[in-house]
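Me: I would like a close look at one strand of this chain and the strands beside it. Please set it in the context of the whole chain before going into detail.

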Amino acid sequence: MAAQVDPIFLTAWVRAELEAAGLQGLVNKYAAGSFNGYQVFFEDGSLCAWVFANSTSAIYDGTGCTMRTSGYNDGRWHQVVLVADAAGGRLYVDAVQKASQPWTGTPGAPTTTQELHLGHYPGVSGGASYLSGLVDDVR
């Protein structure tokens with residue numbers, strides 16, 4: 001029987017016009033180094049997402065860009081959806097699943113009290129990295 005986890009279902013529309021290099025945030029509820037929260041962002045033009053319940057339980061592959069999905073920094077509107085539940089994480093773009101990642105450790109819900117950030121990635125070396133584009137209808 002799978003562990004009971006409060007699911008995360010995050011959806012946002014994004015029109016990104018990104019540079020090829022660097023980090024740019026989309027939706028962030030994570031304080032750097034806390035190992036508690038979730039984030040959807042762009043790294044070097046690729047869409048990425050991860051979830052941390054704690055330092056040993058996460059939907060995270062150990063790289064800087066879990067669930068790497070490229071091709072959506074094209075200046076066109078795209079719907080991005082992150083689903084995280086006891087089975088792991090799934091990243092959808094325009095209603096098509098593009099990536100998935102299982103849990104490492106025991107599935108669990110983040111308990112962060114970090115405020116929600118839209119359009120930037122706080123805690124990046126040198127300050128926050130802001131999205132070059134537009135974000136709409138985040139839920």
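Reply: Of the 139 residues of the chain, 46% count as buried in this predicted model. A residue is called buried when its relative accessible area is under 20%. The chain exposes about 6,800 Å², and carbon and sulfur atoms supply 50% of that area.

The overall dimensions come next. The C-alpha trace spans about 45 × 35 × 25 Å along its principal axes. The radius of gyration is 14 Å, which agrees with the value near 14 Å that a compact globule of 139 residues would have. Among contacts with a separation of 6 or more, 58% are between residues 24 or more positions apart.

As for secondary structure, the chain has 12 strands and zero helices. Read from the N terminus, the elements are therefore β-β-β-β-β-β-β-β-β-β-β-β.

The part to look at closely is strand β7, residues 88-93. Is this strand largely enclosed or open? Five of its six residues are buried, so the rest of the structure largely encloses β7.

On one side of the sequence comes β6, which covers residues 77-85. Six bridges join β6 to β7, and the two strands run antiparallel. The connection between them is a hairpin of two residues. One of the paired positions is D85, whose bridge partner in β7 is G88.

The other partner to consider is β8, residues 96-101. This strand also runs antiparallel to β7, with five bridges joining them. Within this pairing, R90 stands opposite S100 of β8. Here too the strands form a hairpin, with two residues between β7 and β8. D94 sits in that turn and has a positive phi of about 55°.

A general point about strands helps when looking at the picture. In a regular strand, side chains alternate between the two faces of the sheet.

Back in β6, one residue deserves a separate look: W77, which lies in that strand. How accessible is W77? Its relative accessibility is 38%, so W77 counts as partly exposed. The class of partly exposed residues lies between the buried limit of 20% and the exposed limit of 50%. W77 also belongs to a nonpolar surface patch, made together with W13 and L134. The area of this patch is about 280 Å².

To put the pieces together: β7 is joined by bridges to β6 and to β8, and five of the six residues of β7 are buried. W77 of β6, in contrast, is partly exposed and contributes to a nonpolar patch on the surface.

Terms used:
Residues are numbered from 1 along each chain as its sequence is written. This is a predicted model: local features need pLDDT of at least 70, side-chain atom pairs count only at pLDDT 80 or more; totals for chains, interfaces and linings use all residues. Side-chain values use heavy atoms; hydrogens and water are left out. Buried means under 20% relative accessible area, exposed over 50%, partly exposed in between (1.4 Å probe, protein chains only). Helices (H or I, at least four residues) and strands (E, at least two) are DSSP runs, numbered from the N terminus. Two strands pair if DSSP finds at least two bridges between them. Patches are made of residues with over 30% relative accessible area and no salt bridge: like charges are joined within 9 Å, nonpolar side chains (Val, Leu, Ile, Met, Phe, Trp, Tyr) within 5 Å. Accessible areas come from the Shrake-Rupley method with a 1.4 Å probe; for residues, only the protein chains shown count as cover. A salt bridge is a side-chain nitrogen of Lys or Arg within 4 Å of a carboxyl oxygen of Asp or Glu. The radius of gyration is taken over C-alpha atoms; the globule rule is 2.2 Å times the number of residues to the power 0.38. Contact means heavy atoms within 4.5 Å.
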